[in-house]
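Thanks for sharing this one. Here are my notes, set out point by point so that you can follow along with the structure open beside you.

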Amino acid sequence: MAYSFDFSSLADYGPVLAKGVAITVELIVVGGALGVGLGIACAWAKALGPRWLRPIVSAYVELIRNTPFLIQLFFIFFGLPAVGVGLTEMQAAILAMVINLGAYACEIIRAGIEATPRGQFEAGSSLAMSPIQTFRHVVLVPALQKIWPALTSQIVIVMFGSAVCSQISVEELTFAANFIQSRTFRAFESYIVATVLYLLLAVLLRQVMRGLGLFLFPRRRKTT
Amino acid sequence: MTQFSTWDIVSNLLLAARWTVLLSILAFIGGGAVGLVVLYCRIARKPWLQRAANLYIELFQGTPLLMQLFLIFFGLPLMGLDVSPWAAAFVSLTLWTSAFLAEIWRGCVESIPKGQWEASSSLAMSFFEQLRYVVLPQALRIAVPPTVGFSVQVVKGTALTSIIGFVELSKAATIITNATFEPFTVYGFAALIYFVLCWPLSKSSQLLERKLNVAHHHH
């Protein structure tokens, strides 16, 4: 190959990359936590909520799952200010990620809830638990445990999706790579470094989710 | 300055959507073809081939599609190949699709009982013949719903190619927004067009899955 790699010209840009990584982490931590929260609320509404709420949640889920994240992001960042809702880049990016993850998490968590046998609801209420207590202790926690791996994968996918937030100039990892390549003209090297960092972030995210799973479901750990 | 009516916006978006559809179809066909090769390597009885296929799948599933696009768009010219946004979009979506399809299909192949392989091997069929005549025809049935479901991801994935300058639906929406200053309407309609493309695919995937499950229960 005629091309000679030169990673040394990237050496000065360590702080830029570090900042990019920090913002990607911020996006995924805040967006992930709020998104899973929204997903839980929607899953409750769809599986057990009032009848009138269900079609609304279904429409939201279908709309988000069948449109690209990029368009959702642009709609929120460029479209909403036109109707009077102005958001900063960071707020728009997090809102888009929450709305996006919320829809996917809803479907994943609902599958877990529906796998809970009907008798457990009845058992919960026979122990004089309120519907909310039953939902939290009897339905939600075992459901989350069942779908934890699928939820983890979805959060990783959302983190990869966050790369497009660079397009509304959120200064995350892809933005940093774009910045570096525009300064050094070392496009290939810049994107290889960013790609490797994404790969490492994904590994780290999976480990954190695994640890969180062990912390959240301590007594229910299966021997298998 | 010319005025854009709502119909102008919609018709221009629809014209650009042709490229989204074409790119989706080509990437899906290309991805399917490469995916079959990766699948073959993944289940072949050669450890080094399996490892190579695994690495390929992990790499493409474990990194953002946008990075893959950038690497191909900026990387290939360095090796002396002149790539247009069109070619870069097609190549990267094909590779990305192939990794996901290979992994989906591997799951389907592995769900075929081991006895089927053993039975066909006892009939003196070669590995390739076992795969071609016994395992794949059965795996194909199970593979249809998740494959159709994944096609939605391919259509949505094409939106990223707008970032390297390929003019499809998303890029057209940005261009029209810059001309009309009506982002709410333009991105709203763009989202609607994507929805019209993707929703039938999602729905048919769900229906096919249900049909298959019902068929299984009769056994």
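**Notes on the two-chain model**

1. Let me begin with a pair in chain B: Arg106(B) and Glu103(B) join their side chains in a salt bridge, 3.0 Å from N to O. Both residues belong to helix 4 (residues 85-110) of chain B, where they sit three residues apart, about one turn of the helix. Arg106(B) has a relative accessibility of 17% and counts as buried, while Glu103(B), at 25%, counts as partly exposed. The cut-off for buried is under 20% relative accessible area, so the two partners fall on either side of it. Please keep in mind throughout that this is a predicted model.

2. Chain A has a network of its own. Salt bridges with shared partners link Lys46(A), Glu107(A), Arg110(A) and Glu114(A) into one network. As background, side chains of opposite charge can pair when their charged atoms come close.

3. How many salt bridges does a search of the whole structure find? Over all chains, the count is eight. One of them is between Glu171(A) and Lys19(A), whose closest N and O atoms are 2.5 Å apart. Glu171(A) is in the loop between helix 6 (131-161) and helix 7 of chain A, and Lys19(A) is in helix 1 (residues 14-47) of chain A, so this pair ties together parts that lie 152 residues apart in sequence. Glu171(A) is partly exposed at 35% relative accessibility, and Lys19(A) is also partly exposed, with 43%.

4. Another pair to look at in chain A is Glu189(A) with Arg186(A), which form a salt bridge at 3.4 Å, N to O. Is Glu189(A) buried or exposed? Its relative accessible area is 0%, so Glu189(A) is buried. Arg186(A), with a relative accessibility of 22%, counts as partly exposed.

5. Now the overall build of chain A. The chain contains eight helices and zero strands. Along its principal axes, the C-alpha trace of chain A spans about 70 × 50 × 30 Å. Of its 224 residues, 49% count as buried. Taking the contacts in chain A between residues at least 6 apart in sequence, 77% join residues at least 24 apart.

6. Next comes the interface. Chain A and chain B each bring 35 residues to the contact. Between them the two chains bury about 3,000 Å², and 79% of that is on carbon and sulfur atoms. In chain A, the residues that lose the most area to chain B are Asn66(A), Ile71(A) and Phe188(A), together 20% of what that side buries.

7. Which helices of chain A each supply at least two residues of the side that touches chain B? They are helix 2 (53-65), helix 3 (69-82), helix 7 (173-184) and helix 8 (187-216). Helix 8 gives the most, with nine residues. Sorted by class, this side of chain A has 24 nonpolar, nine polar and two charged residues.

8. For the polar side of the interface, the rule finds zero salt bridges across chain A and chain B. There are, however, four residue pairs in polar contact between the two chains, counting pairs with both residues at pLDDT 80 or more.

9. Ser162(B) deserves a look of its own. Ser162(B) is placed in the loop between helix 6 (127-157) and helix 7 (169-180) of chain B, and at 7% relative accessibility it counts as buried. Its side chain reaches the backbone oxygen of Ala159(B) at 2.7 Å. Setting aside neighbours within four places in sequence, Ser162(B) is in contact with Leu70(A), Glu168(B), Ser170(B) and Lys171(B).

10. Last, the database record for chain B. An unreviewed UniProt entry carries the annotation "transmembrane region" for residues 20-41, 53-74, 86-105 and 184-202 of chain B. How does the model treat two of these spans? Residues 53-74 of chain B are 86% helix and 0% strand, with their end C-alpha atoms 25 Å apart. Residues 86-105 of chain B are 100% helix and 0% strand, and there the end C-alpha atoms lie 28 Å apart.

Technical notes
Residues are numbered from 1 along each chain as its sequence is written. Chains are lettered from A and ligands numbered from 1 in the order in which they are written. Side-chain values use heavy atoms; hydrogens and water are left out. Contact means heavy atoms within 4.5 Å. Buried area is the accessible area (1.4 Å probe) that two parts lose on being put together, summed over both. A salt bridge is a side-chain nitrogen of Lys or Arg within 4 Å of a carboxyl oxygen of Asp or Glu. A polar contact is a pair of N or O atoms within 3.5 Å; within protein, one must be able to donate a hydrogen and the other to accept it, and residues adjacent in sequence count only if both atoms are side-chain atoms. Helices (H or I, at least four residues) and strands (E, at least two) are DSSP runs, numbered from the N terminus. Ala, Val, Leu, Ile, Met, Phe, Trp, Tyr, Cys and Pro count as nonpolar, Asp, Glu, Lys and Arg as charged, and the others, Gly among them, as polar. Buried means under 20% relative accessible area, exposed over 50%, partly exposed in between (1.4 Å probe, protein chains only). UniProt positions are given in the numbering used here, feature names are shortened, and annotations may be inferred rather than shown by experiment.
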